[in-house]
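Me: I am new to this structure and would like a close look at a single part of it, the place where two chains meet. Please take me through that part step by step.

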4 protein chains.
Amino acid sequence: MQRRFSLDVSAPLLRTQGYIDGRWVSAASVFPVLDPATGEEIARVSDCGPTEAKQAVDAAYRAFHSWKLRSAKDRSVVLRKWFDLLTLHKEDLARLITFECGKPLQESRGEIAYAASFLEWFSEEARRVYGDVVPSPARDRKILLLKQPTGVASIITPWNFPSAMITRKVGAALAAGCTVVVKPAEDTPLSALALAELAEQAGVPAGVFNVVPCSREKTPSVGQVLCTDPLVAKISFTGSTATGKILLKMAADTVKKASMELGGHAPFIVFDSADVEMAVSGAMNSKFRNSGQTCVCSNRFLVQSKIHDVFVEKLCRAMDAELVLGHGSEPSTTQGPLINNRAAEKVEAQISDAVSHMICTREETFGPLLPVIRFDTEEEALAVANASNVGLAGYFFSQDVSQIWRVAEALEVGMVGVNEGLLSTPEATFGGVKQSGLGREGSKYGVDEYLEVKYMCFGGLKP
Amino acid sequence: MQRRFSLDVSAPLLRTQGYIDGRWVSAASVFPVLDPATGEEIARVSDCGPTEAKQAVDAAYRAFHSWKLRSAKDRSVVLRKWFDLLTLHKEDLARLITFECGKPLQESRGEIAYAASFLEWFSEEARRVYGDVVPSPARDRKILLLKQPTGVASIITPWNFPSAMITRKVGAALAAGCTVVVKPAEDTPLSALALAELAEQAGVPAGVFNVVPCSREKTPSVGQVLCTDPLVAKISFTGSTATGKILLKMAADTVKKASMELGGHAPFIVFDSADVEMAVSGAMNSKFRNSGQTCVCSNRFLVQSKIHDVFVEKLCRAMDAELVLGHGSEPSTTQGPLINNRAAEKVEAQISDAVSHMICTREETFGPLLPVIRFDTEEEALAVANASNVGLAGYFFSQDVSQIWRVAEALEVGMVGVNEGLLSTPEATFGGVKQSGLGREGSKYGVDEYLEVKYMCFGGLKP
Amino acid sequence: MQRRFSLDVSAPLLRTQGYIDGRWVSAASVFPVLDPATGEEIARVSDCGPTEAKQAVDAAYRAFHSWKLRSAKDRSVVLRKWFDLLTLHKEDLARLITFECGKPLQESRGEIAYAASFLEWFSEEARRVYGDVVPSPARDRKILLLKQPTGVASIITPWNFPSAMITRKVGAALAAGCTVVVKPAEDTPLSALALAELAEQAGVPAGVFNVVPCSREKTPSVGQVLCTDPLVAKISFTGSTATGKILLKMAADTVKKASMELGGHAPFIVFDSADVEMAVSGAMNSKFRNSGQTCVCSNRFLVQSKIHDVFVEKLCRAMDAELVLGHGSEPSTTQGPLINNRAAEKVEAQISDAVSHMICTREETFGPLLPVIRFDTEEEALAVANASNVGLAGYFFSQDVSQIWRVAEALEVGMVGVNEGLLSTPEATFGGVKQSGLGREGSKYGVDEYLEVKYMCFGGLKP
Amino acid sequence: MQRRFSLDVSAPLLRTQGYIDGRWVSAASVFPVLDPATGEEIARVSDCGPTEAKQAVDAAYRAFHSWKLRSAKDRSVVLRKWFDLLTLHKEDLARLITFECGKPLQESRGEIAYAASFLEWFSEEARRVYGDVVPSPARDRKILLLKQPTGVASIITPWNFPSAMITRKVGAALAAGCTVVVKPAEDTPLSALALAELAEQAGVPAGVFNVVPCSREKTPSVGQVLCTDPLVAKISFTGSTATGKILLKMAADTVKKASMELGGHAPFIVFDSADVEMAVSGAMNSKFRNSGQTCVCSNRFLVQSKIHDVFVEKLCRAMDAELVLGHGSEPSTTQGPLINNRAAEKVEAQISDAVSHMICTREETFGPLLPVIRFDTEEEALAVANASNVGLAGYFFSQDVSQIWRVAEALEVGMVGVNEGLLSTPEATFGGVKQSGLGREGSKYGVDEYLEVKYMCFGGLKP
């Protein structure tokens, strides 16, 4: 890179302090945020520690007692206003993403639209948290099943979708009546803090939405507070399976509810009956978004014998024609940098290993590596695809209607793309099976993760 | 006790071996089952260890692949048949409970009816596991949200409801298409094994329902297998909060789904506006069922000043008049023994401590101790009631309609009895908040604990 | 027919009086029930008139006030018992159908299983009539949406499914808490009366289920009472569109709720991409069940050019091989008689007219006539298929997945068989669009037809 | 009235032509719109006849085929935009209501907020029209229950809520994918036309929303077209029971779906246990809104003996203190004029008759008359309250919790206010039982009125 790229975002959205109880809070030290494309520092952010985390939890707990009593309609209006503000500031917010996470600006704009869509969706869901009146076997009592918010939720989010992974969780939490403490990834705190600024403008009350940015060094101690403090009722995490397990253990001691969106290892299967152009296009979408750094990116390509050669040939041609490396802020770029050196080294190691152990067929890649495996029968493809202890997304291409239902049902994953390489939408569930996680985000089910069912036995009646 | 009591149950229902993959299996050793009322041994049961547990898990995993493919209607019919058999053999099954757990026969009969009711309920729920067709924002794709069974479920159950705690979980699991391995409490394996006998008669296929009885000594190693084996996708536990936390940590390493029904510390509040007769009757029901050995038994009685004296007086009179100690098989008995010596010692310790520290107001009692606390205002009562890190059931008596809604909503528990001391019914949810657990059993929500939502993006369509 | 066929059914099930308020009631006169295969009289049945109809309505209205107060669980148990009795007596009940309606015994047995399945389904649905607790915009009020039974329902049913058309409606009605007066078709009263006998045995209380059989002559006056009496809240009719309109007008004067399952004119489309064997098999099922006398029988066959000849050839071969005319009680029979002379004359007229006006492509046939039309494009087929003012069922055969979704959505019918010729099952909805009717039967929606939503604003609360 | 009142509304919102297929259309003649407070003409509006009605139906039918294919999200966005525009222009829209319908400006503003709230609600509901995936009893077929829009809906609305009665129906219809032809009441066409102007601004496509204003003279012929044209699939009417019956009969000939919100005769019961201040306040709200001209206004006051005198005294005092007659545009006015002379004459006749026949206790008043009846027992009150062939709203005041449930369940009405005199909110259902109507508006059920369930049997699969 020869010329300089500058993050040119309006001041109110470029926040560098923690946001606790409705106030911007400095910590004792700061940590740098780097542009992954250039390695240059773009900001210094307050490095919150366990003290700030505890303050945030306490604030969230206090705020919970009034936020939960606000009517669902009130909460809906606040979330809608927040949605409107994200939409209004989408260009600045997209630049923040591109500069701290590296993805091309076009994708960053897409992420902001996607992030905002969860605030819109959950502003609508808030009013639809229905309880039940259940027919009682006894005439002197009524059975009501009420839905109540779980309490304070700790939200721990990754760097690859610095904005959307927050709103997908927080939208649901706030709609339900919960309050939150967000710990964004150390690589990408700026997007989270910009969301806080807009939350405040939208009228989210003090203490309802808190952000505690911190460095890699402080992450364990902050995570400890967020997952063990008795005032926290719920944790929601998106990130690696390894980290997820640590958090689950921490949460166990106080029996917190946990939602986990962990790693995947998505198979991408092309059957002989597939429309090959559609399959190639799906492969490009599924593999190269965010340079392969999404948990639903295809990790293994399984291609049936008869279609194998033509698929590979066309795919290579598409890669040559469409992939352009560069800084995310340049219009032509389709492939930005990986997030940091460790990420790049991992991909390189998988490539070196490809001819010997093909570890990339077992380990998540999180980068633009595309291994292709040839297979003969559907059974074989399913066996390979399911031979994984994770199961987030899976994709397959087929025009055989029986096969479509068979394979869609048999794939051990939480999300199946049938003739599609991009799936995510707020109307649908997001989440995996096996060690890919617990719970579902988005959709009409997403808000359930932040609710408790309370059985109210309205009894002692004289019928 | 001077005269002898004999467990007189027809041979096919008095099973003493483990039940794995549709076969009755002996273990290397046996352990005794004692009548808690007399301390006499009533049976010797195969003491299954990790080997048997692993066999059961493997069998359940194999069976899962065919059971999940059976139609919901098929599974419904099998569960219904099982229900019919429980109803047919209710007298024998009740005697098993009374002899291994101690509760009066009348209560045991009630438990069998309650246990059977879950098989009936979930046989009906099986056919109602609806997925969703969601309006798609794109015309070339359909969004289907399918419901699929989670997989093998480990079911670990307590001695206080030796039959019902199994069916409440297993009914839901089997309805969903899951298969199970049940580890019954060491005190009460006979009821679980009788259920296995009837499951087989009902046509539950081999491997779908497995029971691995074991002694207190083997429990940790068996539990280890059930909570860590990679083939197990789900654990469901009812028991103490302390044990629940251990299991949660074990389950974390393979990110298993977990349902937890843990301890409670139920407040029982009598407001001045209460109907005092109703409150006394509710108190008797809520406190003395199974001699106070249920997780929803009232543990703390909070009585408002004006009604305090009359309530206490009438309650004492009711206790004098209604409580009769004895062997559970005697018709007059209302209070059987506590389950074992440790249980009795705990209650005695709480009594000794009552005048000094009132530890019984913070620690679960699980016995017929009834501490009464006087209070003045609703706020005060709520503060005391909610000052607990658990929240399973809560009860209050009031005829003030605003207060009823206020207190029902404010109590931090999963189940609220308004003018009622007994709540449980298959139509309603069972489960708690805070450290009382995760998930809900029974009701239209119970089967969700054994289901995954799979998003099928039916795409690539030419509209 | 040379040899005699005798209806040999056990006496308690061969009922010939009306059933009103739990009593068997004779009318002033009787009318004959004929075996349509032989024209012989098989029974004489009380010819109820407006007086008996009014008595039945009054009885149903009185019974409504206690039946609606029974718990859902109670009603469920009664319906289940009724289901058990239908299953127990299935052979006798099937013979009744064959002798009064003519269909082959194998189909009659199928109808009884189908009829019984609705009692089972709705016995389960009864307990699942859930109301809603809706988030209130105001803190001082709770919004509850209760479900309550509509009231007395008049049930008017056809001869082609003498048993199932009754249980599909009555199962839902009784589950909801409604009471009913059934007027069976004049050709087939015996099945309805046998259902009454079994209802009584099952414990359906007096007045809850009433049957008023009557002759063609008395039908208008009885129908008048059932559709206009102010005590009737709901009418449900299955029959011709022409009659349906008359009943709707009668019901209008008292604003009764109305469910209508009227005539259809099902298209059966075979696309070039179809599996031709599957299509032929579907055509046989869809056209010749009950000799073409069902409202979902295919009425028009549209076959795409390339597949036309092979389809027609194979279909003709299947018709030659599989269709056997005869008395329904003979095991070899697959095609029984049409219900009466008028029915036969209508089919003959359509045949005579086939070369000139093809009226059979516009008018419902209700007989074993199978007109085939050739088409070229999907648009053309859809235009023809939708050029009808009715829209009950439709069928098409295709292996093209985009076409499947396109055509399934575009067909203006209530039920679409994709690669299937037989659709009905209690889990799915039954009902049409356009002039084919109002409302849906079966499925989780069926019981809604007998329910009112009551908004209970539980207000004036002090939060 | 001495001084002049002038309707001072910005030109684009003061529309006087019909709105058909996205164009403003003049008719052959005009009819006057009068200010009911002064009798002065405030506008002349195109008097559409059957020709224009038919044009509108044709336009709606054409538009239906593209509107139904728009994604739910698209339709949602358009409805939201319409909502925003109503909110933006609320002051002008309120003035239109006050001048054509007479109600005080404060109430008109309330109506606009209420009218807009349905567009907001249904913009959200549009995306939540979920179909079902039903567990199939057969492995080779999938059961999908799709929801599809009914078709063209004729919407016929009353003068007492000139704006809200339109949006409550049209919001649901458009969300579902239906298109509409609206015939506003002859007294109040201006509000409907202003809605059309804003619909166009919001991007509602041509033909989706049509308005055909007409005079009282043309109403029958226009209604005839709207209720009988074969291209219309659905009618929705709010108005008198007498008119409703006529429309139902017209609709019967083409088996149209019908929603009917007809007259009520609301009982308002004050039990001895009531909070009398709350009851008086509820009575004022329930009786005098829109000068008693709403279908849910209390029509009969039943007051229990012990509370009777104090209630009546306090109520009289409240009436003296709070009711101020005047032109609706004057800030002090709480009671505007009745809609026209006929309305006033009817009230006067009921007053004259009060001492003799008390016809006001049986016939809807629609004016500020408040008859009070004393009763002794709950049974007596319920008997009187339910002795009506209509059942829209009902109100009662009680602090006895058993009585609250008993009476709420026993009242034969569609909406019950417990300790509340005003109920309506978009989250709850609106609609009655008996001759008060068919179907429900608002709430999660409102959109069902414009949907058909289509059973798609996705069969012929090779599992």
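Reply: A good place to begin is one pair of side chains, B:Lys444 and A:Asp132, which form a salt bridge with 2.7 Å between N and O. The model is a predicted one, and every value below is computed from it.

Side chains of opposite charge can pair when their charged atoms come close. Between chain A and chain B, the count of such salt bridges is eight. Polar contacts between these two chains, taken with both residues at pLDDT 80 or more, come to 40 residue pairs.

Several elements of chain A give two or more residues to the side that touches chain B. The strands on that list are β5 (131–134), β6 (142–149), β17 (415–418), β18 (433–434), β19 (437–438) and β20 (451–458). The helices are α8 (241–252) and α13 (401–410). The largest share comes from β20(A), with seven residues. Sorted by kind, the residues on this side of chain A are 32 nonpolar, 14 polar and 19 charged.

Strand β20(A) also pairs with a strand of the other chain. Its partner is β17 (residues 415–418) of chain B; the two run in the parallel sense and are joined over four bridges. Within this pairing, A:Met456 has B:Val416 of β17(B) as its bridge partner.

Next, the extent of the contact. In terms of residues, 65 of chain A are in contact with 65 of chain B. The size of an interface is often given as the accessible area lost when the parts come together. For chain A and chain B the buried area is about 5300 Å², and carbon and sulfur atoms give 57% of it. On the side of chain A, the residues that lose the most area to chain B are A:Val255, A:Lys454 and A:Tyr455; together they make up 13% of what that side buries.

How are the two chains placed relative to each other? Two copies of a chain are related by a rotation about an axis and a shift along it. Here a rotation of 180 degrees, with 0.0 Å of shift along its axis, superposes chain A on chain B at an RMSD of 0.0 Å. That relation is the one a two-fold axis describes. The C-alpha of chain A nearest the axis belongs to A:Lys249 and lies 2.5 Å from it. Both copies use the same surface, since 100% of the contact residues of chain A recur in chain B.

Chain C and chain D can be read in the same order, starting again from a salt bridge. The side chains of C:Lys444 and D:Asp132 meet in one, with 2.7 Å from N to O. Across the interface of chain C and chain D there are eight salt bridges. The count of residue pairs in polar contact, both at pLDDT 80 or more, is 40. Among the elements of chain C that each supply at least two residues to the side touching chain D are α8 (241–252), α13 (401–410) and β20 (451–458). With seven residues, β20(C) gives the most. This side of chain C divides into 32 nonpolar, 14 polar and 19 charged residues.

Strand pairing is found here too: β17(C) and strand β20 (residues 451–458) of chain D pair in the parallel sense over four bridges. In β20(D), D:Met456 is the bridge partner of C:Val416.

In contact are 65 residues of chain C and 65 residues of chain D. These chains bury about 5200 Å² between them, with 57% of it on carbon and sulfur atoms. In chain C, the residues that lose the most area to chain D are C:Val255, C:Lys454 and C:Tyr455, together 13% of what that side buries.

A turn of 180 degrees and a shift of 0.0 Å along the axis lays chain C on chain D with an RMSD of 0.0 Å. In chain C, the C-alpha nearest this axis is that of C:Lys249, at 2.5 Å. The same surface serves both copies, with 100% of the contact residues of chain C recurring in chain D.

One last pair lies outside these two interfaces, between chain A and chain D. A:Arg128 forms a salt bridge with D:Glu124, and the closest N and O atoms are 2.7 Å apart. A:Arg128 sits in the loop between α4 (105–125) and β5 of chain A, while D:Glu124 belongs to helix α4 (residues 105–125) of chain D, so this pair joins two chains. Over all chains, the structure holds 128 salt bridges.

Terms used. Residues numbered from 1 in each chain as written. Chains lettered and ligands numbered in written order. Predicted model: local features only at pLDDT ≥ 70, side-chain atom pairs only at ≥ 80, totals over all residues. Heavy atoms only, no water. Least-squares fit on C-alpha atoms with pLDDT ≥ 70 in both. Contact = heavy atoms within 4.5 Å. Buried area = accessible area lost by both parts, 1.4 Å probe. Salt bridge = Lys/Arg side-chain N within 4 Å of Asp/Glu carboxyl O. Polar contact = N/O pair within 3.5 Å; in protein donor to acceptor, adjacent residues only side chain to side chain. Nonpolar A, V, L, I, M, F, W, Y, C, P; charged D, E, K, R; others polar. Pairing = 2+ DSSP bridges.
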